[in-house]
Amino acid sequence: MRALLLFSSAALIAAPFTPKKPEPAKPLTAAQKADFSKVIQPMFDAHCISCHGPKKEKGKLRLDTLEATLKGGKNPTFVIGKPDSSMLLSRVFLERTAGDVMPPKAEKPMSEKQKEALYAFVEGQPISDELAKAALADTKAALTAAKAAPKAKK
Ligand code: HEC
């Protein structure tokens, strides 16, 4: 009896650890893909790809294409429809004083409209024309500002 107990507890300890299955990602709709290329990719191009693109892959993350964005880096970025568990969203929405905020503190922050559009996209909601326009205007302004005052290369 004692031997049996010992045996079964050893079996318990040795049981292989099975990680939780990741959420199966639903394919994006044509409208979601269109929103991504029209509104989200330009804001990533302006604010993120200097560190998450072909030149640098900080956190093993690239944000220069939809596929790369969905693939994620060291950690998953987001699952459409689950904004609350998105690591990417949580880092973008951190206070600007937080050490983990993205883009990092020293960089030009994303505007409220840009963040709102990104949130809607991750939520799986269509980005309204009005919001798209406002977010794109802010993206454009960020690009213009970056050109006017090029930062020293790090
Ligand atoms: C100046 C460089 C820089 C810019 C610009 C930048 N990041 Fe980062 N990012 C980093 C570094 C360095 C890391 C890795 C260390 C860490 O996780 O904080 C990182 C990590 C991340 C991670 C975690 C990756 C993982 O899988 O663990 C996410 C998500 C992220 N960045 C999103 C963004 C987004 C979105 C933008 C644009 C809005 C952005 N970053 C802009 C430097 C940058």
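**Notebook: core, ligand shell and two loops**

I began with the largest nonpolar core, which has 22 residues. Met43, Ala117, Leu118 and Phe121 have the most contacts inside it. I then asked which helices each supply at least two residues of this core. They are α2 (30-47), α4 (87-92), α5 (112-123) and α6 (129-148). I note here that the model is a predicted one.

I took Ala117 from the core and listed its contacts, leaving aside neighbours within four places in sequence. The list holds Val39, Ile127, Leu131, Ala132 and Ala135.

**Overall layout**

I looked up the secondary structure next. The protein has six helices and zero strands. From the N terminus on, I read the elements as α-α-α-α-α-α. I checked burial over the 154 residues of the protein, and buried residues make up 21% of them. I also looked at contacts between residues at least 6 apart in sequence. Of these, 50% join residues at least 24 apart.

**Ligand shell**

I counted 24 residues around the ligand. Which of them come nearest? I found Cys48, Cys51, Lys58, Gly59 and Gly73. I asked which element gives the most to this shell. It is α4, with four residues. I sorted the shell by class and got eleven nonpolar, eight polar and five charged residues.

**Loop between α2 and α3**

I went to His52, which is found in the loop between α2 and α3 (66-71). Is His52 buried or exposed? I count His52 as buried, because it has 23 C-beta neighbours inside 10 Å and the cut-off for buried is 20 or more. I listed its contacts, again leaving aside neighbours within four places in sequence. They are Glu57, Lys58, Leu61, Arg62 and Leu63. I looked at Leu63 further. His52 and Leu63 are eleven residues apart along the chain, and their C-alpha atoms are separated by 5.5 Å.

I stayed in the loop between α2 and α3 for Lys60. Lys60 is not a glycine, yet I read a positive phi of about 60° there. I checked its burial too. Lys60 has 11 C-beta neighbours inside 10 Å, so I count Lys60 as exposed; the cut-off for exposed is 12 or fewer. In this loop, then, I have His52 as buried and Lys60 as exposed.

**Loop between α4 and α5**

Last, I looked up the peptide bond joining Met102 and Pro103. I find this bond cis, with omega about -15°. Pro103 lies in the loop between α4 and α5.

Key. Residues numbered from 1 in each chain as written. Predicted model: local features only at pLDDT ≥ 70, side-chain atom pairs only at ≥ 80, totals over all residues. Core = buried A, V, L, I, M, F, W, Y, C linked by C-beta atoms within 7 Å. Contact = placed C-beta atoms within 7 Å. Near = placed C-beta within 6 Å. Nonpolar A, V, L, I, M, F, W, Y, C, P; charged D, E, K, R; others polar.
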